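I opened my notebook to look at how helices pack and where empty space sits in a protein. Here is what I looked up, step by step.

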Amino acid sequence: MATNFWESSHCNSWILDEATLRQARAIDAQYADGRELALIGIFFANVIAKLGKRLNLRQQVIATATVYFRRFYIKSSYCETDPFFVSAACCYLAAKAEEAPVYLKAVVQEARVLLSGYGIKTFPTDNTKLAEMEWYLLEDLDFHLIVFHPYRSLATLCGKLGIVDLAEAGEVGAEPDEERYWGTGDGAMNFDDGCVQMAWFVINDSYRGELCLLYPPYLIAIAALYLSVLLHGNTRQRLSESFEDPPTVRRTRSAGSAGPVVSTRDRLLDFLAGLNVSLESVSRVCQHMLSMYALWDILTDGTDGDDKRRHDRKLPGIATGLIPLGDRRSVYTEKAIVEKLFQMREKRESDLAHPPDAQPPVNKLMEKV
């Protein structure tokens with residue numbers, strides 16, 4: 001697998017702009033509003049994650065499958081395809097692309113069990129149907145299977161590249177001492193393990209949105225790390241204490257210190273300033289993430305995990321406005337999302353069968369009379 005991001009198909013073919021994404025959803029937008037379409041994307045990211053867990057796939061494979069799903073629907077619409085069938089095909093293809101293949105029969109069996117919980121009874125039992133779908137998926141992906149993820153960039157930023165499993169965190173076959181596909185790695189800053197773990201979780205959550213289609217992985221990693229610094233309790237506390245210091249914070253905190261002590265605030269500012277990336281772009285990525293969390297908060301599946309996720313939204317620093325909470329008066333259930341998909345498909349089939357510009361049938365016998 002290629003290790004040069006800048007020369008990869010990911011960089012040159014699959015970093016899109018928001019206008020392209022809006023154009024891709026033009027047909028679906030006739031039958032659902034923007035919020036519902038975004039919730040559909042979050043819902044199927046959850047479906048892929050659940051199917052991946054049933055198949056014992058690594059997070060790397062689940063992330064790749066989610067990216068394949070997003071890329072497929074750049075050229076297709078929800079109302080003209082079966083997204084449940086596509087999500088299963090994405091998991092099957094991603095497992096092979098990430099060198100963790102699973103049996104086709106196992107994917108079909110686990111997908112049928114999982115989707116039956118959503119009331120989907122039409123998933124094909126014939127294994128060859130999923131194999132055929134794999135070829136359609138490959139064609140719409142233009143056979144571009146290389147996906148770069150933010151995990152390895154995060155490990156590089158935090159100075160933990162040597163202790164992170166590259167097969168899980170980044171590109172298969174990459175070596176720690178080879179030339180990185182972005183930056184030089186100089187100036188890496190050591191963060192608490194808890195802060196890094198939170199950034200890892202934020203990256204996992206980012207696949208619920210369209211960030212993987214809009215921004216390169218290193219920007220997503222930087223934004224995830226920035227949010228984790230603000231949300232992680234110990235790191236945020238040290239940062240707050242640094243801001244309580246006078247402007248001349250580069251000073252000796254104790255008489256016994258041999259040299260000046262640089263505060264957490266200054267080290268973080270120097271770190272961000274030395275990344276040589278657009279902080280405006282990082283800010284936009286953060287805004288996308290916050291918007292995604294606000295939408296995800298109004299999607300419920302009624303499970304204990306969903307209740308825990310809602311409880312986490314109330315933690316200090318989140319409830320104070322750092323992550324805006326969704327409108328509690330308009331909560332969407334997964335059942336409602338599935339019903340909306342069926343409605344969209346029915347309306348689309350009706351419109352195709354009876355187009356508005358169609359001419360009424362002409363009786364030839366009446367014309368002769």
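My entries below cover three helix pairs, one pocket and the cavities, all from a predicted model.

**Entry 1: α3 and α18**

I began with a reminder to myself: two packed helices are described by the angle between their axes and the distance between the axes. Then I looked up helix α3, residues 34-54, against helix α18, residues 334-353. Their packing angle is about 115°, and the axes lie 10 Å apart. That angle makes α3 roughly perpendicular to α18. I also noted that the crossing of these two helices is left-handed.

Which residues of α3 and α18 meet? On the α3 side I wrote down Glu36, Leu37, Leu39, Ile40, Phe43, Phe44 and Lys50. Their partners in α18 are Glu334, Ile337, Val338, Lys340, Leu341 and Met344. Sorted by class, this contact holds 9 nonpolar and 4 charged residues, with no polar ones.

**Entry 2: α6 and α7**

Next I turned to helix α6 (residues 104-116) and helix α7 (residues 127-140). They pack at about 105°, with 9 Å between their axes. I therefore put α6 and α7 down as roughly perpendicular to each other. From α6, the contact uses Leu104, Lys105, Val107 and Val108. From α7, it uses Asn127, Leu130 and Ala131. The contact of α6 with α7 comes to 5 nonpolar residues, 1 polar and 1 charged.

**Entry 3: α12 and α15**

My third pair was α12 with α15, where the angle is about 70° and the axes are 9 Å apart. These two helices are therefore roughly perpendicular to each other as well. Is their crossing left-handed or right-handed? I found that α12 and α15 cross in the right-handed sense.

In α12, the residues that meet α15 are Leu219, Ile220, Ile222, Ala223, Ala224, Tyr226 and Leu227. In α15, they are Ser281, Val282, Val285, Cys286, Met289 and Leu290. By class I listed 12 nonpolar residues and 1 polar, with no charged residue in the contact of α12 with α15.

**Entry 4: the second largest pocket**

Then I went looking for open space, and picked the second largest pocket, with a volume of about 610 Å³. It is lined by 28 residues, and the closest to its centre are Leu21, Gly34, Ala38, Glu210 and His288.

Which helix gives the largest share of this lining? I found that α3, already met in my first entry, supplies 6 residues, the largest share for the second largest pocket. Helices that each give at least two residues to this lining are α2 (18-24), α3, α4 (59-75), α11 (211-214) and α15 (279-296). The lining of the second largest pocket divides into 15 nonpolar, 5 polar and 8 charged residues.

**Entry 5: the cavities**

Last, I checked for enclosed space. How many cavities of 30 Å³ or more does a search of the whole structure find? It finds 3. The largest cavity has a volume of about 90 Å³. Of its 14 lining residues, Pro150, Tyr207, Leu211, Cys212 and Ile220 are the closest to the centre.

Both α11 and α12 (217-231) each give at least two residues to the lining of the largest cavity. I was glad to meet Ile220 again, since I had already listed it in α12 as part of the contact with α15. The lining of the largest cavity has 11 nonpolar and 3 polar residues, and no charged ones.

Terms used. Residues are numbered from 1 along each chain as its sequence is written. This is a predicted model: local features need pLDDT of at least 70, side-chain atom pairs count only at pLDDT 80 or more; totals for chains, interfaces and linings use all residues. Side-chain values use heavy atoms; hydrogens and water are left out. Axes are lines fitted to C-alpha atoms, for helices over the stretch in contact, and angles run from 0 to 180 degrees between N-to-C directions. Helices (H or I, at least four residues) and strands (E, at least two) are DSSP runs, numbered from the N terminus. Angles under 35 degrees count as roughly parallel, over 145 as roughly antiparallel, 65 to 115 as roughly perpendicular and the rest as oblique. A crossing is left-handed if the near helix is turned anticlockwise from the far one by less than a right angle, and right-handed if clockwise. Contact means heavy atoms within 4.5 Å. Ala, Val, Leu, Ile, Met, Phe, Trp, Tyr, Cys and Pro count as nonpolar, Asp, Glu, Lys and Arg as charged, and the others, Gly among them, as polar. On a 1 Å grid over the protein atoms alone, a cavity is a set of points where a 1.4 Å probe fits but cannot get out, and a pocket is an open set with protein on both sides within 12 Å along at least five of seven lines; lining residues have an atom within 4 Å of a point. Grid points are joined across faces, edges and corners, and a volume is the space filled by probe spheres set on the points.
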